[in-house]
Amino acid sequence: MPRYSPEEAAALAAAAHEVGHAVACEAAGLRVIEVRLTAEYGFVRAADADPSDQDQVDGELVALLAGLEAGARWAQKHRGLWRGEALRWSRGCSESDLALFRRTKRNASVSPSRLESRSRSLVVRQWGRIDRLSRRLADAGRLPVGQFN
């Protein structure tokens, strides 16, 4: 397991969080417009879901949870944390995502626990790609949107 300084670990976990969002947006058919990471914040800007397309609506909700899942998976793989501890650790940078999820989950066609499961499965399936792109994002501060569209 590689050793990272606290600053490197924070940057890489934040990058994994943002790439998790972007990969989930792509999987939902939502066009990724921008992926950025600075010392103060990170964000993914994507097209809004079409309210008449339930798969996109559910996918947008999965994408909100994918940042939490990707940050937690990074902590499991690179910091050696067990899953529950990693999720608690990752929640710190997911508060606004979780608040938005709570406000919009009523639009889903499935339960919140099913959306969480979908998010976790997506991150697990795409982990190699998320991990690689996280390193690029942490180094460059942005990713070309061609990686996702």
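In these legends, contact means heavy atoms within 4.5 Å.

**Figure 1. Welcome to the whole protein, shown as a predicted model.** The protein has six helices and three strands. Starting at the N terminus, its elements follow the order α-β-β-α-α-α-α-α-β. The radius of gyration is 14 Å, close to the 15 Å that the globule rule gives for 149 residues, so the protein is as compact as a globular protein of that length. Along the principal axes, its C-alpha atoms fill a box of roughly 45 × 35 × 25 Å. The average pLDDT is 95, and 99% of the residues score at least 70. Confidence is highest in H5, at 98, and lowest in helix H3 (residues 83–91), at a mean of 94.

**Figure 2. A close-up of helix H2 with helix H4 (residues 95–104).** Two packed helices are described by the angle between their axes and the distance between the axes. Here the axes come within 9 Å and cross at roughly 155°. An angle over 145 degrees counts as roughly antiparallel, which makes H2 roughly antiparallel to H4. Their crossing is left-handed. On the H2 side, look for Leu61, Leu64, Leu65 and Leu68; they meet Asp97, Leu98, Leu100, Phe101 and Thr104 of H4. Sorted by class, the residues of this contact are seven nonpolar, one polar and one charged.

**Figure 3. A close-up of helix H2 (residues 54–79) with helix H5 (residues 112–125).** The two helices pack at an angle of about 55°, and their axes lie 8 Å apart. That angle makes H2 oblique to H5. The crossing of this pair is right-handed. From H2 come Asp58, Leu61, Val62, Leu65, Ala66, Glu69, Ala70 and Arg73. Their partners in H5 are Leu115, Glu116, Arg118, Ser119, Arg120, Leu122, Val123 and Val124. Nine nonpolar, one polar and six charged residues make up the contact of H2 with H5. Leu61 and Leu65 may look familiar: they meet H5 here, and they also take part in the contact of H2 with H4.

**Figure 4. A close-up of helix H2 with helix H3.** What is the angle between H2 and H3, and how far apart are their axes? The angle is about 125°, and the axes are 8 Å apart. H2 and H3 are therefore oblique to each other. H2 passes H3 in a right-handed crossing. The H2 residues to find are Gly67, Leu68, Glu69, Gly71, Ala72, Trp74, Ala75, Gln76 and Arg79. Across from them in H3 are Arg83, Ala86, Leu87, Trp89, Ser90 and Arg91. This contact of H2 with H3 divides into seven nonpolar, four polar and four charged residues. Two residues of H2 link this view to the earlier ones: Leu68 meets H3 here and is also in the contact with H4, while Glu69 meets H3 here and is also in the contact with H5.

Terms used. Residues are numbered from 1 along each chain as its sequence is written. This is a predicted model: local features need pLDDT of at least 70, side-chain atom pairs count only at pLDDT 80 or more; totals for chains, interfaces and linings use all residues. Side-chain values use heavy atoms; hydrogens and water are left out. Axes are lines fitted to C-alpha atoms, for helices over the stretch in contact, and angles run from 0 to 180 degrees between N-to-C directions. Helices (H or I, at least four residues) and strands (E, at least two) are DSSP runs, numbered from the N terminus. Angles under 35 degrees count as roughly parallel, over 145 as roughly antiparallel, 65 to 115 as roughly perpendicular and the rest as oblique. A crossing is left-handed if the near helix is turned anticlockwise from the far one by less than a right angle, and right-handed if clockwise. Ala, Val, Leu, Ile, Met, Phe, Trp, Tyr, Cys and Pro count as nonpolar, Asp, Glu, Lys and Arg as charged, and the others, Gly among them, as polar. pLDDT is the predictor's confidence in each residue, from 0 to 100. The radius of gyration is taken over C-alpha atoms; the globule rule is 2.2 Å times the number of residues to the power 0.38.
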